[in-house]
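Got your viewer open? Let's take a short walk through this one, one selection at a time.

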Amino acid sequence: MPALLSVLGLGSPRNQSAHYLSDTNPQILAEKVDMVGSAKISKAQKIALSILDTHEQLKKLPDYRPGEDINRLLGNLVRTCVQIHPPSVIQQILGFPGLQQMLPSLRTICSEAESCLENHWAQHTLSLADQGPDAVLNALQTDFPYFQNYVDLARLELSAIRAAMPPPSDTTNTNALKKITFIGSGPLPLTSWCLLDEIRQNCSSTENIPTITNIDMSPTAISVSSQLNAVLGPWGQGMEFLCGEAGSSCPSLADSDVVYVAALVGLSQEDKEDIFLNVVKTMKPGALLVIRSAWGLRTCLYPEVSVNTERLLEVLEPYAVVHPYTDVINSVVVARVRE
């Protein structure tokens, strides 16, 4: 579940002021369904109650570090949210009493759990440094439970990026990707590694392999990720690491052909728009902004993001929105910075 982690600055869901109605407790809701005379709880109701119940169980955990309970609960939640249903069923689930009010808390828990997961695996793989690059890489590719999701998402995003790129203007391929920047890379920048690996495998010349600059506002995340990258050997070549905030003038994005903004930057559409506008101000015209969004039940894990708003359309030209129907959770939105 690739996402921005340490850059978020999100508070604990236990301290959030937004609460949903007490009568949306899953057990009480199930009783109400029975009370109105339904012989069976519909499929949509079962799924909604399951999501609400999972949230209640997650809130009771002492922390969100990897462990048997958190792994089981989040694993079941992800499997539920990647299922494909008719639009009418999805509407019934997302419209179930109390579910929308609960989602900000659930998304916050998911982001905190993912942060714990990435920190755990960054430290674990870094501890294997004395065994050499192959041991570190094998731990990521074989043992990390979501590695294939990162590979699949990177391929999906790279395809969308290439489709949005203008054709080469001449035989020197002057429009080839030269620099990609990832804002909110966290302590385990798997997206950047997978992007570079995919590009290398399909590139005939090393001259056409871009550099990727990873930016995170957390000095710890940058320190850990840069150390880990250093012990990966050839697989980590082409990566740079900088500490900074999204949309700040330093580091500059003026030389970036593509800028990623991670999925959980901003808690609302309005927050995201403010961040996107600040980021775009420092980008060159024609560069691509890549945003991670979600669709269907996956919006229980990540918020859906739109670039078709009045403010964003003034500075961005939407190019594509790609929704996966696989185990990949995030959708990809690609937009071009207007001249």
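In which sense do strand S1 and strand S4 pair, and over how many bridges? Select residues 179–183 for S1 and 258–261 for S4: they pair in the parallel sense over 4 bridges. Strands here are DSSP runs of E, at least two residues long, while helices are runs of H or I of at least four, numbered from the N terminus. Two strands count as paired if DSSP finds at least two bridges between them. To see one such bridge, click isoleucine 180, whose partner in S4 is valine 258.

Before going further, a word on what you're looking at. This is a predicted model, in which local features need pLDDT of at least 70 and side-chain atom pairs count only at pLDDT 80 or more, while totals for chains, interfaces and linings use all residues. Residues are numbered from 1 along each chain as its sequence is written, and side-chain values use heavy atoms, with hydrogens and water left out.

Now zoom out to the whole sheet. It is open, has 7 strands in the order S3-S2-S1-S4-S5-S7-S6, and its pairing is mixed. Colour S3 (239–243) and S6 (316–322): these are the edge strands, each with a single partner, so one side of each has no neighbour in the sheet. On average, neighbouring strands are turned by 20 degrees against each other, direction ignored.

Next, add a helix. H8 (residues 190–201) packs on the sheet and touches S1, S2 (211–216), S3, S4 and S5 (288–293); contact means heavy atoms within 4.5 Å. The direction of H8 makes about 175 degrees with that of S2. Such angles run from 0 to 180 degrees between N-to-C directions, with axes fitted to C-alpha atoms, for helices over the stretch in contact. Then show H9 (residues 219–230), which also packs on the sheet, touching S2 and S3.

Now hop to S5 and pick arginine 292. Is arginine 292 buried or exposed? It counts as buried, because its relative accessibility is 2% (buried means under 20% relative accessible area, exposed over 50%, partly exposed in between, with a 1.4 Å probe and protein chains only). Show its side chain: polar contacts link it to the side chains of glutamate 157 at 2.8 Å and threonine 191 at 2.9 Å. A polar contact is a pair of N or O atoms within 3.5 Å; within protein, one must be able to donate a hydrogen and the other to accept it, and residues adjacent in sequence count only if both atoms are side-chain atoms.

Last stop: S7 (residues 331–337), where 7 of 7 residues are buried. S7 runs antiparallel to S5, joined by 6 bridges.
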